[in-house]
Amino acid sequence: MTETFPLRRTQCCISGGGPAGMMLGYLLARRGIEVVVLEKHADFLRDFRGDTLHPSTLEVINQLGWLEEFLQLPHQRMERLQAEMGGQEMTIADFTRLPTRCKFIAFMPQWDFLDFLQRKAAALPTFTLLMESRVTGLRVDAQQRVIGVDAMTPQGALQIESDLVVGCDGRHSTVRALAGLQSRSFGAPRDVLWLKIPKHANDPAWSTGHRGPRKNFIMIDRGDYWQCGVSIDKGSLPALQQAGLPAFLHQVAAGAPFDADRLASAITDWDQVKLLSIRIDRLDHWARPGLLCIGDAAHAMSPIGGVGVNLAIQDAVATANLLAAPLQRGVPTLRQLSRVQRRRTFPTKATQFLQVMMTRRSGSNKRPPAMIRALGRWLRQRPWLPFLFGRLIGVGFRQELPK
């Protein structure tokens with residue numbers, strides 16, 4: 001005898017309560033579409049998640065009428081991205097001339113951003129968020145069209161029937177795997193180790209950006225602490241751990257504005273060193289009948305430029321703009337679902353191309369100092385470049401605004 005489980009009906013079921021899932025859920029629900037978002041964790045509290053909100057995302061917030069309220073949340077602002085090259089501080093990207101309301105990047109803990117979206121969405125009668133709930137299987141009909149999901153919730157197994165399933169569940173997407181969607185990897189020779197270094201009252205006013213003689217040390221001002229990233233060869237963490245934490249911290253100190261003693265006082269255990277395994281990949285097809293993947297589930301990004309969250313938000317806005325009307329009429333066709341990929345392919349490919357080029361160039365520390373100094377002089381002789389890079393990083397290759 002086949003076991004039966006409680007059944008729920010909705011128009012759109014979204015797997016993943018991250019930035020893409022929560023933004024898409026809100027945008028569809030405000031158009032009167034019934035949405036269920038499944039989030040596998042009990043809350044949004046996780047360290048070192050993408051919390052770089054670019055002017056493009058802040059413009060979406062502005063268009064929704066939330067900006068003044070949103071900017072009351074704790075955050076830090078960065079109008080220019082700095083880097084140290086050949087011992088000299090340089091502006092790599094300048095956001096002050098962007099055609100957006102906010103001409104800066106905002107650094108905000110992702111849980112604050114998601115809590116804000118949750119509060120806005122919860123006020124809509126057609127929005128439902130199920131925490132500690134995850135997709136365990138896809139429901140398909142005789143024609144192999146996805147017609148819903150099997151889920152596990154705190155109350156037990158649940159079957160959800162829906163006109164559309166959207167995978168927003170990140171680079172290790174369960175939905176993508178269950179759907180059998182194939183991806184292409186573009187390689188990433190580096191990983192990043194994240195550290196928290198408490199601020200001292202006498203710390204200089206260091207700028208956020210890349211620092212150190214090999215540009216392999218990243219600093220982000222988080223208010224009462226520095227979030228620091230150390231770029232390492234992919235897969236080299238076990239060897240670093242075997243050599244010991246003191247040796248690792250001495251290696252970090254060689255390229256950081258902190259000495260080894262200060263690092264040792266802040267980092268006393270390997271548990272305080274968080275690995276971000278970098279991968280850059282992209283699905284060949286983002287959709288199959290009844291199902292669509294967006295954000296990292298469709299295209300995993302490198303942390304270079306902090307673009308991942310913002311591309312995911314742009315995907316969500318484009319998806320809502322393109323699919324709200326088809327969902328209001330009934331079941332979107334595969335052709336309608338594929339319009340999302342067609343619209344978002346160019347900005348995705350262009351951004352990943354730049355990331356791959358930058359990752360390959362920064363993957364080697366063998367570049368001679370004279371070449372670094374020459375590159376620095378070349379950049380300083382072209383004062384328009386920071387504004388161009390500011391446009392590409394801050395707004396991207398195609399801006400999406402909610403309808």
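**Exercise 1. Describe the chain as a whole: its secondary structure, its burial and its surface.**

Step 1. Count the elements. The protein chain of this predicted model has 12 helices and 20 strands.

Step 2. Look at burial. The chain has 403 residues, and 53% of them count as buried.

Step 3. Look at the contacts. Among contacts in the chain with a separation of 6 or more, 74% are between residues 24 or more positions apart.

Step 4. Look at the surface. The accessible surface of the chain is about 18,300 Å², and carbon and sulfur atoms account for 52% of it.

**Exercise 2. Find how helix H1 is placed against helix H9, and state whether H1 is enclosed or open.**

Step 1. Recall what is needed. The angle between the axes and the distance between the axes describe two packed helices.

Step 2. Take both values. The axes of H1 (residues 19–29) and H9 (residues 308–329) come within 8 Å and cross at roughly 30°.

Step 3. Classify the angle. Angles under 35 degrees count as roughly parallel, so H1 and H9 are roughly parallel to each other. The crossing of H1 past H9 is right-handed.

Step 4. List the residues that meet. On the H1 side they include Met23, Leu24 and Leu27, and on the H9 side they include Ile313, Ala316 and Ala320.

Step 5. Check the burial of H1. Of the 11 residues of H1, 11 are buried, so the helix is largely enclosed by the rest of the structure. Among the buried residues are Gly21, Met22, Gly25 and Tyr26.

**Exercise 3. Do the same for helix H2 and helix H9, then follow Gln314.**

Step 1. Take the values. The axes of H2 (residues 55–63) and H9 come within 9 Å, with a crossing angle of roughly 40°.

Step 2. Classify the angle. H2 and H9 are therefore oblique to each other, and H2 passes H9 in a left-handed crossing.

Step 3. List the residues that meet. Ser56, Thr57 and Val60 of H2 meet Asn310, Ile313, Gln314 and Val317 of H9.

Step 4. Follow Gln314. Gln314 lies in H9 and has a relative accessible area of 3%; buried means under 20%, so Gln314 is buried.

Step 5. Look beyond its sequence neighbours. With those within four places left aside, Gln314 is in contact with Ser56, Val60, Arg344, Arg398, Gln399 and Glu400. Val395 is 81 residues from Gln314 in sequence, and the two C-alpha atoms are 9.9 Å apart in space.

**Exercise 4. Work out the sheet that holds strands E3, E4 and E7.**

Step 1. Write the order. The sheet is open, has 3 strands in the order E3-E7-E4, and is paired antiparallel.

Step 2. Find the edges. Strand E3 (52–53) and strand E4 (76–78) each have a single partner strand, so one side of each is left without a neighbour in the sheet.

Step 3. Examine a pairing. E3 and E7 (residues 105–107) run antiparallel and are joined by 2 bridges. In this pairing, Leu53 stands opposite Ala106 of E7.

**Exercise 5. Trace the two hairpins made by strands E9, E10 and E11, and find the residues with positive phi in the loops around E9.**

Step 1. Start before E9. Glu132 lies in the loop between strand E8 (127–131) and strand E9 (134–140). Its phi is near 55°, a positive value in a residue other than glycine. Glu132 has 47% relative accessibility and counts as partly exposed.

Step 2. Pair E9 with E10. These two strands are antiparallel over 6 bridges, and Arg139 has Gly148 of E10 as its bridge partner.

Step 3. Look at the turn. The hairpin of E9 and E10 has 5 residues between the strands, and Gln144 in the turn has a positive phi of about 70°. Gln144 is partly exposed, at 45% relative accessible area.

Step 4. Pair E10 with E11. Strand E11 (residues 156–167) is antiparallel to E10 and joined to it by 6 bridges. Val149 has Ile160 of E11 as its bridge partner. The hairpin from E10 to E11 passes through 2 residues.

**Exercise 6. Decide whether Ser15 is buried or exposed, and name its contacts.**

Step 1. Place the residue. Ser15 is in strand E1 (residues 7–15).

Step 2. Apply the cut-off. Buried means under 20% relative accessible area; Ser15 has 7% and is therefore buried.

Step 3. List the contacts. Apart from neighbours within four places in sequence, Ser15 touches Leu38, Val135, Val166, Gly167, Cys168, Asp169 and Val175.

Notes
Residues are numbered from 1 along each chain as its sequence is written. This is a predicted model: local features need pLDDT of at least 70, side-chain atom pairs count only at pLDDT 80 or more; totals for chains, interfaces and linings use all residues. Side-chain values use heavy atoms; hydrogens and water are left out. Two strands pair if DSSP finds at least two bridges between them. Helices (H or I, at least four residues) and strands (E, at least two) are DSSP runs, numbered from the N terminus. Buried means under 20% relative accessible area, exposed over 50%, partly exposed in between (1.4 Å probe, protein chains only). Contact means heavy atoms within 4.5 Å. Accessible areas come from the Shrake-Rupley method with a 1.4 Å probe; for residues, only the protein chains shown count as cover. Axes are lines fitted to C-alpha atoms, for helices over the stretch in contact, and angles run from 0 to 180 degrees between N-to-C directions. Angles under 35 degrees count as roughly parallel, over 145 as roughly antiparallel, 65 to 115 as roughly perpendicular and the rest as oblique. A crossing is left-handed if the near helix is turned anticlockwise from the far one by less than a right angle, and right-handed if clockwise.
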